[in-house]
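Welcome! Here are some exercises to help you find your way around a protein model. Have a look at it first, then try each task before you read its solution.

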Amino acid sequence: MSDDPRAGVAVVEDFLAALGRGDRATAAGHLADGAIMIFPGGRRYTTLDELAAASAVRYRHVDKHREEYEAFTHETGDVIVWSMGTLFGENNAGVRYDGVRYVDRFRLRDGRIVEQRVWNDLAQSGVLDARAETEIEPQWRPRHPG
């Protein structure tokens with residue numbers, strides 16, 4: 001399983017889904033000892049508790065519309081998984097947002113995540129500083145049914 005890209009995608013999907021629903025215990029089960037998570041601005045975390053504490057000053061909730069995966073086995077035998085899509089959630093002022101681009105790159109070894117690198121447009125979108133939905137450009141406003 002350790003060099004199967006499809007299994008790597010399943011691990012990443014379960015990891016991201018668990019984080020999205022706030023299930024840190026399940027998500028942590030997918031992290032290898034010594035795993036590192038690198039976020040925009042070069043912020044580095046080694047535990048999900050560190051990540052959650054740092055995120056709490058940025059937003060109340062964030063999740064991902066996971067729209068596309070790409071995966072391959074690296075020459076080292078590690079599996080590389082790219083996850084692409086958009087972010088949605090609520091900032092600390094209670095303003096909801098949606099449609100903010102993200103790309104995550106994961107490195108898995110022996111079926112567990114050893115590295116996650118994150119890129120997204122949260123800072124560029126301005127959604128984290130908005131005090132009302134009208135302060136957010138239409139492309140980043142929540143998708144309302146109807």
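The exercises below go from the sheet to single residues, and the model they use is a predicted one.

**Exercise 1. Find the order of the strands in the open sheet, and name its edge strands.**

Solution.
- Step 1: Trace the open sheet, where six strands follow the order β2-β1-β6-β5-β4-β3. The pairing in this sheet is mixed.
- Step 2: Look for strands that pair on one side only; these are β2 (43–45) and β3, the edge strands.
- Step 3: Check the twist. On average, and ignoring direction, neighbouring strands of this sheet are turned by 20° against each other.
- Step 4: Zoom in on β4 and β5, which pair over twelve bridges in the antiparallel sense. One residue to look up is Val 81, whose bridge partner in β5 is Phe 106.

**Exercise 2. Work out which strands helix α1 and helix α3 lie across.**

Solution.
- Step 1: Start with helix α1, residues 5–20. This helix lies across β1 (31–39), β3, β4, β5 and β6, and runs at about 180° to β3.
- Step 2: Move on to helix α3, residues 48–56, which lies across β1, β2 and β3. The angle between helix α3 and β1 is about 20°.

**Exercise 3. Decide whether Glu 115 is buried or exposed, and find what it touches.**

Solution.
- Step 1: Locate Glu 115 in strand β6, which spans residues 112–120.
- Step 2: Compare its relative accessible area of 14% with the cut-off: buried means under 20%, so Glu 115 is buried.
- Step 3: List its contacts. Leaving out residues up to four places away in sequence, Glu 115 touches Ile 36, Ile 38, Arg 105, Phe 106 and Arg 107.
- Step 4: Add the polar contact of 3.2 Å that joins the side chains of Glu 115 and Arg 117.

**Exercise 4. Describe the salt bridge between Arg 60 and Glu 90, and say what it ties together.**

Solution.
- Step 1: Take the distance: the closest N and O atoms of Arg 60 and Glu 90 are 2.8 Å apart, and the pair forms a salt bridge.
- Step 2: Place both ends. Arg 60 is in strand β3 (residues 59–73) and Glu 90 in strand β4 (residues 79–91), so the salt bridge ties together parts that are 30 residues apart in sequence.
- Step 3: Judge the accessibility. Arg 60 is exposed at 52%, while Glu 90 is partly exposed at 24%.

**Exercise 5. Explain what the salt bridge of Asp 78 and Arg 107 connects, and whether its ends are buried or exposed.**

Solution.
- Step 1: Find the salt bridge, in which the side chains of Asp 78 and Arg 107 meet at 3.1 Å, N to O.
- Step 2: Asp 78 sits in the loop between β3 and β4, and Arg 107 in strand β5 (residues 96–109), so the pair ties together parts 29 residues apart in sequence.
- Step 3: Relative accessibility is 5% for Asp 78, which counts as buried. Arg 107 is buried too, at 16%.

**Exercise 6. Identify the network of salt bridges that includes Asp 63.**

Solution.
- Step 1: Begin with Asp 63 and Arg 66, whose side chains meet in a salt bridge of 3.6 Å, N to O.
- Step 2: Extend the picture to Glu 13, which is linked with Asp 63 and Arg 66 in a network of salt bridges.
- Step 3: Compare with the accessibility values: Asp 63 is buried at 16%, whereas Arg 66 is partly exposed at 25%.

Notes
Residues are numbered from 1 along each chain as its sequence is written. This is a predicted model: local features need pLDDT of at least 70, side-chain atom pairs count only at pLDDT 80 or more; totals for chains, interfaces and linings use all residues. Side-chain values use heavy atoms; hydrogens and water are left out. Helices (H or I, at least four residues) and strands (E, at least two) are DSSP runs, numbered from the N terminus. Buried means under 20% relative accessible area, exposed over 50%, partly exposed in between (1.4 Å probe, protein chains only). A polar contact is a pair of N or O atoms within 3.5 Å; within protein, one must be able to donate a hydrogen and the other to accept it, and residues adjacent in sequence count only if both atoms are side-chain atoms. Contact means heavy atoms within 4.5 Å. A salt bridge is a side-chain nitrogen of Lys or Arg within 4 Å of a carboxyl oxygen of Asp or Glu. Two strands pair if DSSP finds at least two bridges between them. Axes are lines fitted to C-alpha atoms, for helices over the stretch in contact, and angles run from 0 to 180 degrees between N-to-C directions.
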